[in-house]
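Please open the model in a viewer and keep the sequence panel visible. The tour proceeds by selection, from a pocket to the cores and then to the cysteines.

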Amino acid sequence: SSGINAEWPLRPGALGSSASEITVNSIHLLPRNTEQFVVCNRTNTVSIMNMQGQIVRSFSSGKRQGGDFVCCTLSPRGEWIYCVGEDHVLYCFSVSTGKLERTLTVHEKEVIGISHHPHQNLIATFSEDGSLKLWKP
């Protein structure tokens, strides 16, 4: 049977947003812990939440301006969170340590998507300029 297992209203202040509405860009279930998921919204913070709607851990670009995340993806085993910011930078976060491990400028125009290969250590990013690029993080 299908149905809603959990639902939360997203209010101002939730997930690091001060806006009157929160735009969620993507949600990804953690592969090794199906009780938690990653929420990417247009702020400088991406969060892991549990099924009770509580933030378990947050990861930040560290920028007050120009570092809001536009999209994110997970590695196949859920060990890494990869976020792309409005600054065209790819941010690589370790889920286990919570640390920002690497940054990389990936495009010159706004990035509109990111995806991780299901079996290889390979990331695809695509930009509004029409380019698609493959990266080995």
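Begin with the largest pocket of this predicted model, which has a volume of about 240 Å³. Select Ser75, Trp80, Tyr82, His116 and Asn121: of the 13 lining residues, these are the closest to the centre of the pocket. Colouring the lining by class gives five nonpolar, five polar and three charged residues.

Next, select Thr73, which belongs to strand 5, residues 69–74. Is Thr73 buried or exposed? With a relative accessibility of 8%, Thr73 is buried. Leaving aside residues up to four places away in sequence, the contacts of Thr73 are His28, Trp80, Ile81, Tyr82, Ile114, Ser115 and His116. Trp80, Tyr82 and His116 thus appear both among these contacts and among the residues closest to the pocket centre.

Now display the whole chain as a cartoon. The protein has eleven strands and zero helices, so that its pattern along the sequence is β throughout: β-β-β-β-β-β-β-β-β-β-β. Of its 137 residues, 40% are buried. Among contacts between residues at least 6 apart in sequence, 34% join residues at least 24 apart.

Turn then to the largest nonpolar core, which comprises 15 residues. Select Val38, Val46, Ile48, Phe69, Ile81, Cys83 and Phe93, the members that touch the most other members. Two or more residues of this core come from each of strand 2 (33–41), strand 3 (45–50), strand 5, strand 6 (80–85) and strand 7 (89–94). Apart from this core lies another, of eleven residues, including Val70, Cys71, Leu90 and Cys92.

Within the largest core, centre the view on Val46. Beyond residues up to four places away in sequence, Val46 is in contact with Val38, Val39, Cys40, Arg57, Ser58, Phe59, Phe69, Cys72, Ile81 and Cys83.

Finally, show the cysteine side chains. How many disulfides does the structure hold? The count is zero. Select Cys83 together with Cys72: the sulfur of Cys72 is the closest cysteine sulfur to that of Cys83, yet at 4.7 Å it is too far for a bond. Cys83 is buried, its relative accessible area being 0%. Then move to Cys92, whose closest cysteine sulfur is that of Cys83, at 9.0 Å, and therefore too far for a bond. Cys92 is likewise buried, with a relative accessible area of 6%.

Conventions. Residues are numbered from 1 along each chain as its sequence is written. This is a predicted model: local features need pLDDT of at least 70, side-chain atom pairs count only at pLDDT 80 or more; totals for chains, interfaces and linings use all residues. Side-chain values use heavy atoms; hydrogens and water are left out. Helices (H or I, at least four residues) and strands (E, at least two) are DSSP runs, numbered from the N terminus. Buried means under 20% relative accessible area, exposed over 50%, partly exposed in between (1.4 Å probe, protein chains only). Contact means heavy atoms within 4.5 Å. On a 1 Å grid over the protein atoms alone, a cavity is a set of points where a 1.4 Å probe fits but cannot get out, and a pocket is an open set with protein on both sides within 12 Å along at least five of seven lines; lining residues have an atom within 4 Å of a point. Grid points are joined across faces, edges and corners, and a volume is the space filled by probe spheres set on the points. Ala, Val, Leu, Ile, Met, Phe, Trp, Tyr, Cys and Pro count as nonpolar, Asp, Glu, Lys and Arg as charged, and the others, Gly among them, as polar. A nonpolar core is a set of buried Ala, Val, Leu, Ile, Met, Phe, Trp, Tyr and Cys residues joined through side-chain atoms within 4.5 Å. A disulfide is a pair of cysteine sulfur atoms within 2.5 Å.
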